[in-house]
Amino acid sequence: MVGLGALPAVDAARKPNVILIYADDLGIGMLGCYGQKIVTTPNIDRLAAEGMKFNNYYGGVFCAPSRWSLSTGMHDGRLGGWKHNAPGLLIRLDKKNTPPEKATELLNQYVEKSSAPIPKKEVFMAQIPQKAGYKTAQFGKLDVGFLTNHDRVKRFGWDFYEGYYSHGRCHGFYPPYLWRNGERFELEGNTRADCGKMSEKGNEPVGEGGETYSQNVFIEGILKYIRDHKNEPFFLYHSTQLPHGPVAIPELHPDYADNDKLSLAEKKYASMVKMLDDHVGLIMKELKAQGLDENTIVAFTSDNGHEMYYGPKQNVHKQLANGEKANLTDNKWRTSNGGDVFDGAGGRAGIKRSGYQGGMQCPMIVRWPGKIAPGSETDILSAHYDFMATLADITGTRMPRGKDSISYLPTLLGKKQTKQHNYVIVNNGFDRMGRSALISQDGWKVVELDRKKDAFQLYNIKKDNEERDELSAQHPEKLSSLKKQLVSELNSKRPDLK
């Protein structure tokens with residue numbers, strides 16, 4: 001492992017804590033501060049009202065590349081990046097009632113054999129504050145490549161962790177056990193090997209699946225961690241399952257329980273988003289109670305674009321909700337015309353796994369009292385992989401060479417942003433609705449449809465963020481240059497590992 005050269009030490013009493021809340025499949029349009037009309041999110045909206053809201057921010061198109069990019073500070077088109085293994089081993093072992101010690105042994109053997117090797121020179125996100133003397137903790141969805149184990153989680157730089165090793169188990173909210181620092185701990189009343197995973201129909205009874213809801217375990221652990229570490233700087237990463245489906249919730253939120261305009265699945269989904277917002281509120285309340293509010297940076301984002309776990313998405317990319325035939329040029333599927341009562345992507349084209357804005361444009365909100373101007377907004381071009389450099393600037397740690405990450409701390413502090421991206425890259429191995437994309441600083445975006453057929457599209461998202469007007473015919477030279485740049489970045493070598 002390569003060492004990180006530390007910058008001059010910052011007075012420990014002045015080092016700000018950092019909390020990153022990372023939602024799962026939460027569309028940018030699901031938050032009130034980004035335009036949501038049905039589901040209210042007052043606590044997250046408060047972060048925006050008291051901090052800065054990003055309007056040109058990008059994640060991945062699904063969980064593995066998004067989390068890999070965040071963790072490595074590299075765009076997800078890099079060679080050898082986010083290879084993932086199959087996630088279902090623990091579920092299969094649990095169905096066979098495999099003894100815990102044997103199951104752990106088999107898990108370690110499988111992870112060792114199937115996971116992408118971690119290069120010796122690799123530096124991960126949590127190692128940045130760790131080098132500066134911070135305590136690091138992760139709660140929730142622990143994996144980056146679908147199935148992990150204790151050794152790999154520790155290698156990522158976490159002093160403390162609590163959550164799921166298996167991506168497959170994360171699709172249920174009632175696991176019979178979770179993992180804390182390498183040890184299994186049982187959850188009362190949960191017996192299903194599939195962790196209480198529901199069907200995509202979402203019509204199962206409310207509260208079905210078990211007795212102990214995983215998100216409630218995590219929020220209790222987070223609040224305890226804040227109390228226990230109030231006297232030392234910490235970086236806390238909450239990679240929550242919410243509101244990833246299939247939809248499941250212990251009880252419907254009273255705001256939606258009697259709403260006859262919503263289906264049961266929609267009520268459950270709205271309640272999951274409300275729980276996430278409520279838990280943000282609990283975190284903020286605890287920070288204030290412990291006297292940490294003024295010296296804690298809280299960032300909120302989501303891994304990728306919106307996904308529908310409650311409506312008619314079976315015709316996505318092919319047919320609109322009204323029966324019209326969709327296409328990828330001027331009549332695209334979008335949550336505003338695809339039968340989504342919440343319009344979770346805010347009218348953007350596509351959803352999770354799409355190369356259009358609905359699949360990759362994410363919320364990002366950062367609050368730091370006394371440092372970030374309340375109610376401020378920025379259009380700076382930025383992505384998940386920029387969090388690492390920003391964290392390094394905040395904690396006073398030198399960044400490893402060769403990372404794609406660029407700190408946006410100057411923007412947060414209202415200072416001149418001298419270093420910016422010429423473009424960001426979002427890689428996508430799916431072909432459901434657009435593939436990989438490059439977004440330039442001046443607002444141009446090229447979307448790969450089919451590289452073998454030389455099929456690419458061009459949009460100006462500064463003027464047309466919903467990607468309604470395809471402009472390749474009007475600007476062939478712009479298309480050609482951006483296409484060349486995109487293709488050169490996909491499967492490119494990693495300069496940080498040289």
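**Strand S9**

I began with strand S9, residues 296-302, in this predicted model. Of its 7 residues, 7 are buried, so the strand is largely enclosed by the rest of the structure. I then looked at where the side chains go. Thr296, Val298, Phe300 and Ser302 point one way, while Ile297, Ala299 and Thr301 point the other way. Buried here stands for under 20% relative accessible area, and the residues on both sides of S9 meet that mark.

**Partners of S9**

Next I looked up what pairs with S9. Strand S1, residues 17-23, runs parallel to S9, with 7 bridges between them. One bridge joins tyrosine 22 to threonine 301 of S9. Strand S10, residues 364-367, pairs with S9 in the antiparallel sense over 4 bridges. There I noted valine 298 with its bridge partner arginine 367 in S10.

**The sheet**

I traced the sheet outward from these strands. It is open and has 10 strands, in the order S7-S6-S5-S4-S8-S1-S9-S10-S2-S11, with mixed pairing. The edges are S7 (183-186) and S11 (376-378), each of which pairs on one side only. On average, neighbouring strands are turned by 15 degrees against each other, direction ignored.

I also checked S5 (residues 160-164) against S6 (residues 177-180): they pair in the antiparallel sense over 2 bridges. In this pair, glutamate 162 stands opposite arginine 180 of S6. Helix H10, residues 387-395, packs on the sheet and touches S1, S8 (234-239), S9 and S10. The direction of H10 makes about 165 degrees with that of S1.

**Cores**

Which residues have the most contacts inside the largest nonpolar core? I found Phe235, Phe300 and Phe387, in a core of 127 residues. Helix H8 (residues 264-289) gives the largest share of this core, 11 residues. A second core lies apart from it, with 11 residues, including Trp444, Phe456, Leu486 and Leu490. I add a general remark: in soluble globular proteins, nonpolar side chains tend to be buried together.

I took phenylalanine 387 for a closer look. Leaving out residues up to four places away in sequence, phenylalanine 387 touches Val18, Leu20, Leu70, Met125, Phe235, Ala299, Met364, Ser405 and Tyr408.

**Confidence**

Last, I checked the pLDDT. The chain has a mean of 94, and 97% of its residues reach 70 or more. Residues 1-12 have pLDDT below 50, and this stretch has 21 contacts in the model beyond near neighbours in sequence. Where pLDDT is low, the predicted coordinates should not be read in detail.

Terms used. Residues numbered from 1 in each chain as written. Predicted model: local features only at pLDDT ≥ 70, side-chain atom pairs only at ≥ 80, totals over all residues. Heavy atoms only, no water. Buried < 20%, exposed > 50% of the residue type's maximum accessible area, 1.4 Å probe, protein only. Pairing = 2+ DSSP bridges. Core = buried A, V, L, I, M, F, W, Y, C linked by side-chain atoms within 4.5 Å. Contact = heavy atoms within 4.5 Å. pLDDT = per-residue confidence, 0-100. Axes fitted to C-alpha atoms, helices over the stretch in contact; angles between N-to-C directions.
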